[in-house]
Amino acid sequence: MYESTQTLGNGHDQQLANLISELADGFGRGEDYSLEEVCRQHPEFAEDLRLLWATIALTRNAGKQQQDIPTRSGRETQVRESRFELPHDLGDYLLEREIGRGGMGIVYQAVCKADDSPVAIKMILDGDLATPEDRQRFVGEVEAAAGLNHPHIVPVYEMGEQDGRAFYCMKLIQGQTLSQRLASGPMPPRQAARLLLEISLAIEHAHQHGVLHRDLKPSNILIDDSGHAYVADFGLAKKQTGVKSLTRSGAVLGTPSYMAPEQAAGARGQVGAVSDVYSLGAILYHAITGRPPFLGESPVETVLMVLEQDPVLPRELNRQVNRDLEMIVMRCLQKPQDLRYETAGQLASDLQAFLDDRSTSARDGRIGHVIANLFRETHHASVLENWGLIWMWHSLALLLTCVVTQLMFEYDFRVYQYVLVWTLGFGAWVSVFWWLRRRMGPVTFVERQIAHVWAASLCMVVFMFPLEYHLGLEPLQLAPFLAVVAGMTFVIKAGILSGQFYCHAFLLFATAIVMASFPAYAMVIFGFVSAACFYFSGLKYYRRRLLSLDAAPTGPRS
Amino acid sequence: MWSNAPQTEELLAQAQTGDASAVNNLLERHRNSLQQLVRIRLDQKIRGRVGVSDVVQDVLVEANRRFERYLENPVMPFHLWLRHIARDRIIDAHRRHRGTARRSVDREQNRWSPPGHDQSSFQLASILNDKRLTPAAAAIQREMSRRVEQSLSKLDEKDSEIIVMRHYEMLTNQEVAMILDLTEPAASMRYLRAIRRLKDVFLKDAPNGSDGVG
């Protein structure tokens with residue numbers, strides 16, 4: 001509709017359109033204009049141009065920025081032939097046909113001229129080794145893989161370079177990748193378990209030789225025509241004992257769907273053998289359910305899911321999955337590293353036990369894990385490091401206020417005076433408290449939630465005094481409820497921050513009963529117990545903060 | 001974004017005489033441009049499954065296959081012809097892999113994913129044309145680009161399409177007109193409207209200095 005009205009001619013708009021079109025063409029050729037100059041030349045459009053200029057400039061910048069992302073090939077590719085006429089002569093080898101593409105290159109089926117034997121050659125994609133870091137990673141990949149000798153690891157024969165293009169030669173596996181196999185749907189569970197058993201043994205072998213795979217995913221697993229599995233592409237492999245890792249700079253590598261949480265978070269120094277165990281579990285999950293454990297709309301979303309969510313249980317996706325196998329998978333996919341199998345070997349022996357219909361260790365550990373999980377710190381617990389010192393001061397303020405309240409009771413103070421102490425006195429401290437916290441940096445959402453819980457419990461204290469008065473009770477007769485409310489705040493903190501706070505909560509609930517039994521000392525008892533709860537947790541996290549400050553040379557983390 | 005025309009013409013002429021290396025050379029010269037085009041266009045979500053280079057490779061193979069027919073009847077300039085093949089390939093890739101990637105309501109949003117910080121405003125546009133950017137300015141520029149792309153994703157396909165063609169693929173008005181089968185004035189008019197709508201979206205989304213949580 002618009003197109004037709006336009007031809008009828010809103011003359012001014014059409015001329016403006018022609019003008020900015022011309023300008024945009026100029027931008028495309030790399031020319032630059034100043035707004036003022038253009039407005040001077042076309043005063044009749046000055047107003048329109050001023051309105052649209054910023055949008056055009058921003059869009060143009062955004063477009064240009066996309067262009068500036070260096071194509072990895074850079075200048076050099078212009079000269080190099082990057083597609084081969086097949087068959088292609090590559091020194092000792094003759095490339096025959098393309099059989100696949102991996103992260104860094106194209107894999108060809110080839111013939112070794114010396115003995116006429118079939119091999120696979122992985123040619124590194126043009127420009128992929130443009131930087132020394134890329135080259136180093138490539139050499140690392142080959143060296144790591146070449147040192148391994150296991151029936152389920154694709155053997156690497158040699159590394160070479162021809163016309164400046166790196167390649168390596170490995171055994172040719174006739175078959176398909178696991179990801180090709182899974183494209184048509186899940187595998188029968190026992191078959192998947194058998195496959196993963198072989199892979200786990202291979203990974204265990206690599207681990208014992210100090211090599212982590214770090215990028216295990218279905219497309220790195222080859223299945224030959226007789227159904228055996230082979231691990232390929234130690235693309236991100238790194239010698240465990242090696243010096244600085246190449247990916248240390250924090251770049252997250254790998255496919256997030258199969259990545260362990262510690263890898264997804266880019267956590268320094270935490271990536272180890274159990275990260276590969278996680279990936280093995282994720283692959284098994286995909287094999288039996290037909291989809292990876294986490295799959296978001298974008299890599300970022302996937303990473304968030306990997307960090308925060310629990311996967312849907314495999315049996316909910318595929319009823320044929322046996323409960324034992326499900327537990328094996330879920331044990332691999334535990335977010336805390338120490339809840340997973342410690343080694344790929346342990347995973348392998350559990351898979352073997354499952355295949356032999358013996359009982360698996362994943363099942364035995366179930367209850368213990370549930371309890372261990374309950375008392376574990378959540379990923380929000382790190383906010384407590386900012387609170388440690390403040391909590392220690394808080395415990396003092398709390399104790400003082402409680403003792404003062406008890407003394408007021410001894411000396412028959414009035415209700416409004418109690419209220420004043422708790423609003424003005426304790427309230428003043430709370431403001432200082434919050435101010436201290438804010439000085440340390442931006443307050444997170446979780447901290448805001450917890451602050452609300454505290455504020456609510458403070459309201460409870462302040463309301464207690466007039467309520468007692470209205471009910472015709474002595475002051476502090478309802479005091480045991482203070483401990484109940486304090487316990488409640490710790491239950492909430494246990495859910496958000498760390499399961500250890502369940503213990504504090506329990507202690508405070510018990511204190512309520514003690515307070516009811518000794519009403520004369522109720523406030524003092526409450527003061528000491530609740531102060532202790534804050535003091536010792538505060539001390540713990542304060543110490544941890546000091547440690548983490550020592551560990552991080554770059555200063556406090558944000 | 002596309003290699004300069006005279007050389008392309010020369011190579012085309014050589015190819016016409018049956019020079020096979022000219023064909024290869026011709027395709028090779030466009031590899032980078034294709035790489036950029038595909039990177040701009042390929043849905044972020046399916047990149048795990050298909051790499052940009054894979055699609056580019058496919059495009060080159062396909063172009064090689066159809067090259068003779070193109071020479072017989074060059075209906076459009078060579079680079080637009082390549083672009084045409086690339087678009088088909090990308091649509092193919094999307095179709096093939098959409099099935100497994102969950103369908104997203106605003107799928108366009110993931111077409112680009114530059115990282116960014118949340119601390120800039122629309123008024124900063126003026127600094128962006130400065131050639132020597134400080135690191136902070138560069139970060140702002142990245143953020144602004146991200147915002148542009150977000151806003152683009154909220155436009156109608158027709159509007160975002162023409163802006164991407166003009167500013168990301170850097171096609172001229174004439175080329176855009178040819179691709180969309182419009183007259184040149186109509187193409188520029190469509191561009192003007194798209195820019196106006198983009199500006200509306202942009203202003204609507206501009207932050208009002210609210211400080212976020214977490």
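**Close-ups of ring pairs and a kinked helix**

**View 1. Two aromatic residues of chain B.** Y70(B) and F78(B) are both buried. The model shown here, as in every view below, is a predicted one. We'll come back to how these two rings meet once a pair from chain A has been introduced.

**View 2. A stacked pair in chain A, set beside the chain B pair.** Counting rings whose centres lie within 6.5 Å, there are 21 aromatic pairs over all chains. In one of them, the ring centres of Y418(A) and F465(A) are 4.9 Å apart and the planes meet at 10°, so this pair is stacked; the cut-off for that label is under 30 degrees. The pair ties together distant parts of the chain: Y418(A) belongs to helix α17 (residues 415–439), F465(A) to helix α18 (residues 445–470), and the two are 47 residues apart. Both Y418(A) and F465(A) are buried. Now back to Y70(B) and F78(B): their rings pair edge-to-face, with 5.7 Å from centre to centre and 65° between the planes.

**View 3. Helix α18 of chain A, with its kink.** How far apart should the ends of α18(A) be? With 26 residues at 1.5 Å a residue, α18(A) should span 38 Å, and its end C-alpha atoms are indeed 38 Å apart, so the two values agree. There is still a kink of about 30° at M464(A), shortly before the proline P466(A). Look just past the helix and you'll find G472(A), which takes a positive phi of about 75°.

**View 4. A cluster of rings in chain A.** Ring pairs join W387(A), W391(A), W429(A), F433(A), W434(A), W454(A), F490(A), F501(A) and F534(A) into a cluster.

**View 5. Arginines over rings.** Which ring does the charged end of R331(A) sit over? That would be Y341(A), with 4.5 Å to the ring centre. In another example, R190(A) lies over the face of F354(A), 5.6 Å from the ring centre.

**View 6. Chain A, for context.** To place the close-ups, here is the whole chain: chain A has 21 helices and eleven strands. Of its 558 residues, 50% are buried. Among the contacts in chain A with a separation of 6 or more, 65% are between residues 24 or more positions apart. On the outside, chain A exposes about 27,500 Å², and carbon and sulfur atoms supply 58% of that area.

Note on methods
Residues are numbered from 1 along each chain as its sequence is written. Chains are lettered from A and ligands numbered from 1 in the order in which they are written. This is a predicted model: local features need pLDDT of at least 70, side-chain atom pairs count only at pLDDT 80 or more; totals for chains, interfaces and linings use all residues. Side-chain values use heavy atoms; hydrogens and water are left out. Rings of Phe, Tyr and Trp (its six-membered ring) pair if their centres lie within 6.5 Å; planes under 30 degrees apart count as stacked, over 60 as edge-to-face and the rest as tilted. Helices (H or I, at least four residues) and strands (E, at least two) are DSSP runs, numbered from the N terminus. Buried means under 20% relative accessible area, exposed over 50%, partly exposed in between (1.4 Å probe, protein chains only). A charge sits over a ring if NZ of Lys or CZ of Arg is within 6 Å of the ring centre and within 35 degrees of the ring normal. Contact means heavy atoms within 4.5 Å. Accessible areas come from the Shrake-Rupley method with a 1.4 Å probe; for residues, only the protein chains shown count as cover. The expected span of a helix is 1.5 Å times one less than its number of residues. The bend at a residue is the angle between axes fitted to the seven residues ending there and the seven starting there.
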